[in-house]
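Got the viewer open and a selection box ready? Here's a short tour, stop by stop.

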Amino acid sequence: MRICIINGPNLNLLGKREPEVYGSQTFEDYFETLKEKFPNIELSYYQSNIEGELIGKIQEVGFSFDGIILNAGAYTHTSIGLGDAMKAVTTPVIEVHISNTYARESFRHQSYLSGNAKGVILGFGLKSYELAIQSFL
C-alpha cells in the first residue's frame with residue numbers, strides 16, 4: 001500500500017508555529033514515527049506553501065497511490081482548485097487538520113475540500129494523520 005501525505009502552507013513550521021495550537025514536534029520527526037508504526041505501508045511526504053504545487057502533487061500521485069492524506073492548511077478555506085484536483089483523481093483523499101477548525105475563527109468553518117474527500121479528520125493533533133492512515137487499512 002502506498003499513501004502520500006501532502007501538507008500545505010505553514011505546516012513546514014510545525015514545532016515553531018503556535019505550539020499551543022499545533023504542538024512542539026516537527027512534522028519531519030512525526031513522519032519518522034508514522035513510518036515506524038506502519039512499516040508495511042510505503043509512506044511519502046510532500047509539503048509546499050504554493051497552491052499550484054499542491055495541485056500538481058495531487059495530480060501526480062492521484063492515479064497510482066492507494067491513498068492521499070491532505071492537510072491543505074489555510075487553502076482548505078480558499079482553494080476551489082484543490083477541491084477540483086481531489087475530485088479529478090481516482091485515489092481517495094482524506095482531509096486532515098491538526099486543530100479543530102470549528103473551535104477557531106469562523107472563516108475556518110468553511111472547507112472547499114470536504115465535499116470531495118473520502119472523509120475528514122480534525123482536532124486530534126498530529127494523531128489525525130495516524131487516524132487517516134488507519135482509515136485506509
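Start by selecting Tyr 22 and His 97: an unreviewed UniProt entry lists both under "active site". Keep in mind that annotations of this sort may be inferred rather than shown by experiment, and that what you're looking at is a predicted model.

Now keep just His 97 selected. The residue sits in strand S4, which spans residues 93-97. Is His 97 buried or exposed? Its relative accessibility is 5%, and since buried means under 20%, His 97 counts as buried. To see what surrounds it, show Asn 71, Gly 73, Thr 76, Ile 121, Leu 122, Gly 123 and Ser 128; His 97 touches each of these, leaving out residues up to four places away in sequence.

**Next stop: strand S1**

Select residues 2-7. That's S1, and 5 of its 6 residues are buried, so call it mostly covered. Which strands does S1 pair with? One is S2, residues 42-47, which runs parallel to S1 and is joined to it by 6 bridges. Another is S3, residues 67-71, also parallel to S1, with 5 bridges between them.

For a closer look at the pairing, pick Ile 5 and you'll find Tyr 45 of S2 standing opposite. Then click Cys 4, whose bridge partner in S3 is Ile 68. While you have the strands on screen, a general point to keep in mind: in a regular strand, side chains alternate between the two faces of the sheet.

**Over to helix H2**

Select residues 27-37 for H2, then highlight Phe 27, Tyr 30, Phe 31 and Leu 34, which are the buried residues of this helix. Turn the view until you're looking down the axis of H2: its buried residues fall within an arc of 105 degrees, so they line one face of the helix. What covers them? Bring up S1, S2 and helix H5 (127-135), which are among the elements covering the buried residues of H2.

Before leaving the helix, click Glu 32, another residue of H2. At 40% relative accessibility, Glu 32 counts as partly exposed. Put a distance label from its C-alpha to that of Tyr 45: the two are 13 residues apart along the chain, and the separation is 10 Å.

**A loop stop: Thr 90**

Jump to the loop between helix H4 (80-88) and S4, where Thr 90 is found. Thr 90 has a relative accessible area of 60%, so it's exposed. Apart from its neighbours within four places in sequence, Thr 90 is in contact with Gly 62 and Phe 63. For a long ruler across the model, go from Thr 90 to Glu 36: 27 Å from C-alpha to C-alpha, with their positions 54 residues apart in sequence.

**Zoom out**

Clear the selection and colour by secondary structure. You should have 5 helices and 5 strands, and reading along the sequence gives β-α-α-β-α-β-α-β-β-α. The C-alpha atoms fill a box of roughly 35 × 35 × 25 Å along the principal axes. How does the radius of gyration compare with that of a compact globule? For 137 residues such a globule would be near 14 Å, and the chain has 14 Å, which agrees.

Finally, switch on the surface: about 6,600 Å² is accessible, with 50% of that belonging to carbon and sulfur atoms. Of the 137 residues, 46% count as buried. And if you draw the contacts between residues at least 6 apart in sequence, 77% of them join residues at least 24 apart.

Notes
Residues numbered from 1 in each chain as written. Predicted model: local features only at pLDDT ≥ 70, side-chain atom pairs only at ≥ 80, totals over all residues. Heavy atoms only, no water. Buried < 20%, exposed > 50% of the residue type's maximum accessible area, 1.4 Å probe, protein only. Helix = DSSP H or I, 4+ residues; strand = E, 2+ residues; numbered from the N terminus. Pairing = 2+ DSSP bridges. Contact = heavy atoms within 4.5 Å. Arc of directions from axis to C-beta. Rg over C-alpha atoms; globule rule 2.2 N^0.38 Å. Areas by Shrake-Rupley, 256 points an atom, 1.4 Å probe, with all protein chains shown as cover.
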